[in-house]
Amino acid sequence: IRIPLEPDGRFLLRFYGPEGTFRAYHAADLIRSQANLDEGKSPVVAPEAFQGKIVFIGARLAGMEDIVTAPMSPRFPGVELQATAAANILSGRFLRRPWPAERAGLTALAGLLAALAAFLAWRPLRALAAAGAVGAAWTGGALLAFRAGLVLDLFYPLLAAALAWAGSALAGWLGEGRRKREIAQAFGQYLSPAVLRDVLRS
């Protein structure tokens with residue numbers, strides 16, 4: 001089994017749910033079950049519950065809890081984190097993030113697509129809608145990729161799309177202002193100020 005690791009050696013876990021997703025039993029119930037079996041009584045927890053299973057033992061005593069911060073919960077039991085890693089390895093369903101060079105290229109691509117869409121739309125509101133459509137498409141693609149085990153960045157590509165729209169809107173605003181000044185200089189001596197304002201407004 002080959003486990004994809006981050007450049008710094010980290011292992012991206014695919015979580016299955018919040019704490020309690022994996023079945024847990026209290027040690028007291030297990031001890032009581034063994035005692036019941038020795039006495040010929042029914043156990044609290046049937047031995048078959050552990051048949052073919054990997055068992056992880058963790059402590060949940062006051063002051064001795066193994067608690068970690070996880071995407072699913074700020075107080076995720078460490079023993080369930082280990083069980084999650086084991087389940088990922090056994091199922092072979094890993095999460096992988098593109099390498100830094102690939103991530104930079106994808107971010108640049110998102111910004112380029114947003115800039116191209118905003119440029120073609122040209123007007124600020126249309127450019128905003130075009131850049132927003134690129135951002136929405138990227139977000140949807142990232143969610144689909146995550147389902148397939150590929151983790152794509154959201155923040156930097158969306159930031160690149162927003163900056164591309166801002167740059168396009170600024171360029172359009174400056175260009176439109178320059179054109180209006182040129183029109184005003186060319187026709188100012190022939191048209192009245194009121195007519196000229198109507199021309200510039202249209």
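**Figure 1. The residue just after helix H2, and H2 itself.** Gly92 comes just after H2 and takes a positive phi of about 75°. The model shown here and in the other views is predicted. H2 covers residues 78–91. At 1.5 Å a residue, the 14 residues of H2 should span 20 Å, and the C-alpha atoms at the two ends of H2 are 20 Å apart, so the expected span and the modelled one agree. Seven names make up the list of buried residues in H2: Gly78, Glu80, Ala83, Thr84, Ala85, Ala86 and Asn88. These buried residues pack against two strands, E1 (67–70) and E2 (73–77).

**Figure 2. The whole chain, for orientation.** The secondary structure consists of six helices and two strands. Read from the N terminus, the order of elements is α-β-β-α-α-α-α-α. The chain has 202 residues, and 25% of them are buried. Take the contacts between residues at least 6 apart in sequence: 60% of these join residues at least 24 apart.

**Figure 3. Helix H1 and the glycine that follows.** Helix H1 runs over residues 27–38. Its 12 residues, at 1.5 Å each residue step, should span 16 Å; the end C-alpha atoms lie 17 Å apart, which agrees. H1 is followed by Gly40, whose phi is positive, near 80°. Asn36 is a residue of helix H1. Asn36 counts as buried because its relative accessibility is 15%, and the cut-off for buried is under 20%. Apart from neighbours within four places in sequence, Asn36 is in contact with Lys41, Ser42, Pro43 and Val44.

**Figure 4. The largest pocket.** The space in the largest pocket comes to about 970 Å³. Two elements, H1 and helix H2, give two or more residues each to the lining of this pocket. H2 gives the most, with six residues. In total, 27 residues line the largest pocket. Those nearest the centre of the pocket are Arg23, Ala24, Tyr25, Phe56 and Val79. Sorted by class, the lining of the largest pocket holds 19 nonpolar, three polar and five charged residues.

**Figure 5. The largest cavity.** The count of cavities of 30 Å³ or more comes to one. The volume of the largest cavity is about 30 Å³. Its lining is made of Pro98, Arg103, Leu106, Thr107, Trp138, Leu152, Asp153 and Pro157. Helix H3 (residues 100–121) gives the most to this lining, with three residues. By class, the lining of the largest cavity has five nonpolar residues, one polar residue and two charged residues.

**Figure 6. Asp153, one of the residues lining the largest cavity****.** Asp153 is found in the loop between H4 and helix H5 (155–187). The relative accessibility of Asp153 is 18%, so Asp153 counts as buried; the cut-off is under 20%. The side chains of Asp153 and Arg103 are joined by a polar contact of 3.0 Å. Not counting residues up to four places away in sequence, Asp153 touches Arg97, Arg103 and Trp138. Two of these partners, Arg103 and Trp138, also appear in the lining of the largest cavity.

**Figure 7. Ala145 in helix H4.** Helix H4 covers residues 124–147, and Ala145 lies in it. Ala145 has a relative accessible area of 13% and is therefore buried. Leaving out neighbours within four places in sequence, Ala145 is in contact with Leu150 and Leu152. Leu152 is also one of the residues that line the largest cavity.

**Figure 8. Ala108 in helix H3.** Ala108 has its place in helix H3. With 48% relative accessibility, Ala108 counts as partly exposed, because that class lies between the cut-offs of 20% and 50%. Ala108 and Tyr156 are 48 residues apart along the chain, and their C-alpha atoms are separated by 9.2 Å.

Methods: Residues numbered from 1 in each chain as written. Predicted model: local features only at pLDDT ≥ 70, side-chain atom pairs only at ≥ 80, totals over all residues. Heavy atoms only, no water. 1 Å grid on protein atoms, 1.4 Å probe; cavity = no way out; pocket = protein on both sides within 12 Å on 5 of 7 lines; lining within 4 Å. Points joined across faces, edges and corners; volume = space filled by probe spheres on them. Helix = DSSP H or I, 4+ residues; strand = E, 2+ residues; numbered from the N terminus. Nonpolar A, V, L, I, M, F, W, Y, C, P; charged D, E, K, R; others polar. Buried < 20%, exposed > 50% of the residue type's maximum accessible area, 1.4 Å probe, protein only. Expected span 1.5 Å × (residues − 1). Contact = heavy atoms within 4.5 Å. Polar contact = N/O pair within 3.5 Å; in protein donor to acceptor, adjacent residues only side chain to side chain.
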